Amino acid sequence: MVPQPPTRVSRDSQGRVIRDADGVAVLQRDEGDAGYLTAMEKYHQRVATLIVWESLREDSRFEFEAQEPVEGGDWRAFADDLYVEMEEAGWTAGDLIWFCEQVAELSQLSAGHVRETRGDFF
């Protein structure tokens with residue numbers, strides 16, 4: 001699940017709470033919250049790790065020790081275990097990003113490909 005940023009009360013330039021027509025305080029997303037940024041970084045790390053795993057899992061040259069969770073299992077823990085396994089094998093975060101970019105390019109899922117096909121789709 002994608003982390004959601006916390007909300008905070010909106011304030012004007014004098015620090016007063018901004019309220020809507022009904023007098024209810026207006027909330028805004030706090031995308032600069034440190035906890036949220038950490039959670040998003042972890043989320044992206046897990047997604048990248050699962051992309052690598054999905055791309056290589058049917059290739060007999062590669063074996064993963066982490067066990068795929070059964071249906072309804074904890075995919076986050078599985079992704080975390082895979083990440084540790086990949087780090088121990090010498091992969092860096094940069095290697096994961098590079099590999100994911102290559103998979104996107106080969107799958108025609110890069111931003112350029114998506115933009116090109118968007119016009120045909122709509």
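**Exercise 1. Classify Arg29 by accessibility and find its salt-bridge partner.**

At 48% relative accessibility, Arg29 is partly exposed, where buried means under 20% relative accessible area, exposed over 50%, and partly exposed in between (1.4 Å probe, protein chains only). The model is predicted: local features need pLDDT of at least 70, side-chain atom pairs count only at pLDDT 80 or more, and totals for chains, interfaces and linings use all residues. Residues are numbered from 1 along each chain as its sequence is written, and side-chain values use heavy atoms, with hydrogens and water left out.

Next, the partner. A salt bridge requires a side-chain nitrogen of Lys or Arg within 4 Å of a carboxyl oxygen of Asp or Glu. The side chain of Arg29 meets that of Glu31 at 2.7 Å, N to O. Glu31 is also partly exposed, at 43%.

**Exercise 2. Which helices does the salt bridge between Lys42 and Asp80 tie together?**

Step 1: the N to O distance for Lys42 and Asp80 is 3.6 Å, a salt bridge.
Step 2: Lys42 belongs to helix α1 and Asp80 to helix α2, so the pair ties together parts 38 residues apart in sequence. Helices (H or I, at least four residues) are DSSP runs, numbered from the N terminus.
Step 3: Lys42 is partly exposed at 32% relative accessibility.
Step 4: Lys42, Arg46 and Asp80 are linked in a network of salt bridges. The whole structure holds nine salt bridges.

**Exercise 3. Describe the aromatic cluster that contains Trp53.**

Step 1: apply the rule. Rings of Phe, Tyr and Trp (its six-membered ring) pair if their centres lie within 6.5 Å; planes under 30 degrees apart count as stacked, over 60 as edge-to-face and the rest as tilted. By this rule there are four aromatic pairs.
Step 2: Trp53 and Phe78 have ring centres 5.0 Å apart and planes at 85°, so this pair is edge-to-face. Trp53 lies in helix α1 and Phe78 in helix α2, so the contact ties together parts 25 residues apart in sequence.
Step 3: Trp53 is buried at 7%, and Phe78 is buried at 3%.
Step 4: Trp75 and Phe78 also pair edge-to-face, with 5.6 Å centre to centre and 85° between the planes. These two residues are three apart in helix α2, about one helical turn. Trp75 is partly exposed at 35%.
Step 5: Trp53, Trp75 and Phe78 form one aromatic cluster.

**Exercise 4. Is Arg61 buried or exposed?**

Arg61 is exposed, with a relative accessible area of 67%. Its side chain forms a salt bridge with Asp59 at 2.6 Å, N to O.
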